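This report goes through one chain, beginning with how burial is judged and moving on to charge pairs, overall make-up and the helices towards the end of the sequence. Please keep the sequence and the model in view while reading.

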Amino acid sequence: TGLSMAFIFNVPLGFIEGKLGRGRLPRWLGLVLTYLAVTGLLAVLLFLIAPQMQKSGRAFLEQLPGYLERARQWLTSLLARITPQAEGIVAEWEGALTEWVGRFGKSGPEMVAGMISETADIAAGAVFSVYLLARKEALCRSCRRVIFAFLPKAQAEHLVQVSHLAGGAFSRFVSGQMVEALLLGSMCFLGMALFRMPYAPLISAIIGVTALVPIFGAIFGAAAGALLL
């Protein structure tokens, strides 16, 4: 977790250091600004978007029984054209769904415990990422020494070159995906608000998050938004 966070946060840190210059003071100032920016973004999501998402989710859950009843009627009508056992099939599906919802409710305490454990892991990873970013040059030099100590010179140079190329490519990919997710989520919210469509904050947040997943993220986000609508 710490390595992943350090790799992602190194993108804005590199941008800040490019403006402030190199050195011990710019490094720590860049770290402070980077983590303040990340904390601020999380605060915006938590205090501005989360209430809207909660409101949309509550409205959706209140209307969920009506949605399920209409879906059941539509499914029964569709299956009746195919097979005379339509009512039995729908009843079996409803029973399986009820059993699954019951199991989900019973697993609530385990889910809360898992969330607490994940939060602790993320906090520890954040602390570890600060150490990695503060001493990234020294750590990279140590890794380079280990590579050249255990591999022939030609293979070591090739591995260092490939690692450098892969690191730059993935850094640009991460920054591009984050900008794309922000733009798509914002445009989705503005478009839905303009046309007064329901669940705009919830669907826009889903679109923004799933946009971080290449290729299939757009499909999953669009399917989730269509299902909610």
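## Burial and the basis of the model

A residue is called buried when its relative accessible area is under 20%, exposed when that value is over 50%, and partly exposed in between. By this cut-off Arg 27 counts as buried, because its relative accessibility is 7%. The model is a predicted one, and the statements below should be read with that in mind.

## Overall make-up

The chain contains eight helices and zero strands, and its pattern along the sequence reads α-α-α-α-α-α-α-α. Of its 229 residues, 21% are buried, while the area exposed by the chain comes to about 16400 Å², with carbon and sulfur atoms supplying 73% of it. Among contacts with a separation of 6 or more, 56% are accounted for by residues 24 or more positions apart.

## A network of salt bridges

How many salt bridges does a search of the whole structure find? The search finds three. In one of them, the side chains of Arg 27 and Glu 17 meet with an N to O distance of 2.4 Å. Arg 27 lies in helix H2 (residues 24-80) and Glu 17 in helix H1 (residues 2-20), so this pair ties together parts that are 10 residues apart in sequence. Glu 17 counts as buried because its relative accessible area is 2%.

Glu 17 also forms a salt bridge with Lys 136, where the closest N and O atoms are 3.7 Å apart. Because Lys 136 belongs to helix H5 and Glu 17 to helix H1, the pair links parts that are 119 residues apart in sequence, and both Lys 136 and Glu 17 are buried. A salt bridge between Arg 27 and Glu 137, with the closest N and O atoms 2.6 Å apart, joins helix H2 to helix H5, so that parts 110 residues apart in sequence are tied together. Glu 137 is partly exposed, as its relative accessible area is 33%. Through shared partners, the salt bridges join Glu 17, Arg 27, Lys 136 and Glu 137 into one network.

## A positive patch at the surface

Arg 24, Arg 135, Arg 141 and Arg 145 form a positive surface patch. One of these residues, Arg 135, is found in the loop between helix H4 (108-134) and helix H5 (136-150). With a relative accessible area of 43%, Arg 135 is partly exposed.

## Helices H7 and H8

Why can helix H7 (residues 200-210) be described as largely enclosed by the rest of the structure? The description rests on burial, because eight of the 11 residues of helix H7 are buried. The buried residues of H7 are Ala 200, Pro 201, Leu 202, Ile 203, Ser 204, Ile 207, Gly 208 and Thr 210.

Helix H8 (residues 216-228) includes Gly 221, which counts as buried because its relative accessibility is 1%. Leaving aside residues up to four places away in sequence, Gly 221 touches Ile 206, Ile 207 and Thr 210; of these contact partners, Ile 207 and Thr 210 are among the buried residues of H7. The C-alpha atoms of Gly 221 and Val 209 are separated by 8.2 Å, the two residues being 12 residues apart along the chain.

Terms used
Residues numbered from 1 in each chain as written. Predicted model: local features only at pLDDT ≥ 70, side-chain atom pairs only at ≥ 80, totals over all residues. Heavy atoms only, no water. Patch = residues over 30% accessible without salt bridge, like charges linked within 9 Å, V, L, I, M, F, W, Y side chains within 5 Å. Areas by Shrake-Rupley, 256 points an atom, 1.4 Å probe, with all protein chains shown as cover. Salt bridge = Lys/Arg side-chain N within 4 Å of Asp/Glu carboxyl O. Lys, Arg positive; Asp, Glu negative; His and termini not counted. Charge placed at Lys NZ, Arg CZ, Asp CG, Glu CD. Helix = DSSP H or I, 4+ residues; strand = E, 2+ residues; numbered from the N terminus. Buried < 20%, exposed > 50% of the residue type's maximum accessible area, 1.4 Å probe, protein only. Contact = heavy atoms within 4.5 Å.
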